[in-house]
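Student: Please pick one part of this model and take a close look at it for me. I'd like a single connected story rather than a list.

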Amino acid sequence: VMIKGNVKINIQSQVLDLSRLKGDISFSTVSLEELSEITVMGNRVVTIENLTSFHDYGDKSDCVIYLGGFHNKTKRRFIKFLYEHNRDVTYYHFGDIDAGGFYILEHLIRKTGIQFHSLYMDKATLLSHKEDTKKLTNHDRTRLHKLRDELVRKEKDGKLTENYMEVIDCMLEMGCKLEQEAVKI
């Protein structure tokens, strides 16, 4: 697990204040088992889909975790542990503005049970980076329509936690998607 930002981590009776580091730190699976406490000192935890965006992310008030696409069991356990110690902060996911980015966000919510919100994955961000967009493929369109149908179903069932309809409709209308590396924070 790669992490950086405004967070303190207790590991084997040592406190690591990551806010004092310029970069990130990584924990092996073995090291993660030795964690006893994590304290987020800011108001937000942000998971980030892509490595370049993780390194470029500059808001030092956030606790930032590199997700690397769909999370694995180790990252999921870490995120749940973090949540157990920090229920009072808001959880966000910053990913690509494409079907995959939203599927990763939905997977993160479903597998952790934590209400993550999208960050910089909205219509305004897409439009403000229009020159950096890529064209949708037929596969992209199929996945976006499927995701949109799932959102409509969730909305009818009263289970919709966040509505991405506006950005999905915009992507379909404009025929574009945006890689998160184009969004500089």
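**A close look at the sheet around β7**

Tutor: Let's start with one pair: Val46 stands opposite Tyr92 in β8. This is a predicted model, where local features need pLDDT of at least 70, side-chain atom pairs count only at pLDDT 80 or more, and totals for chains, interfaces and linings use all residues. Residues are numbered from 1 along each chain as its sequence is written, and side-chain values use heavy atoms, with hydrogens and water left out.

Strand β6 (residues 44–48) and strand β8 (residues 90–94) run parallel as partners, with 5 bridges between them. (Strands are DSSP E runs of at least two residues, helices H or I runs of at least four, numbered from the N terminus; strands pair if DSSP finds at least two bridges between them.)

β6 also pairs with β7 (residues 63–66), again in the parallel sense, this time over 4 bridges. There, Ile48 has Tyr66 of β7 as its bridge partner. Turn to β1 (residues 2–5) and the sense flips: β1 and β7 are antiparallel, over 3 bridges. Gly5 is the residue that sits opposite Cys63 in β7.

Now look at the two faces of β7: Cys63 and Ile65 point to one side, Val64 and Tyr66 to the other, and all of them are buried (under 20% relative accessible area, 1.4 Å probe, protein chains only). So both faces of this strand are covered.

Step back, and you have an open sheet of 6 strands with mixed pairing, ordered β4-β1-β7-β6-β8-β9. The edges are β4 (25–26) and β9 (116–118); each has a single partner strand, so one side of each is left without a neighbour in the sheet.

What lies across these strands? Helix α3 (residues 73–85) lies across β1, β6, β7, β8 and β9, and runs at about 165 degrees to β7. Helix α4 lies across β6, β8 and β9, at about 170 degrees to β9. (Contact means heavy atoms within 4.5 Å; axes are lines fitted to C-alpha atoms, for helices over the stretch in contact, with angles from 0 to 180 degrees between N-to-C directions.)

Follow α4 (residues 99–112) one step further and you meet α6 (residues 138–157): their axes come within 9 Å and cross at roughly 40 degrees. On the α4 side, Ala99, Gly100, Phe102, Tyr103 and Glu106 make the contact. Their counterparts on α6 are Arg143, Leu144, Lys146, Leu147, Glu150 and Lys154.

How values were computed
Buried < 20%, exposed > 50% of the residue type's maximum accessible area, 1.4 Å probe, protein only.
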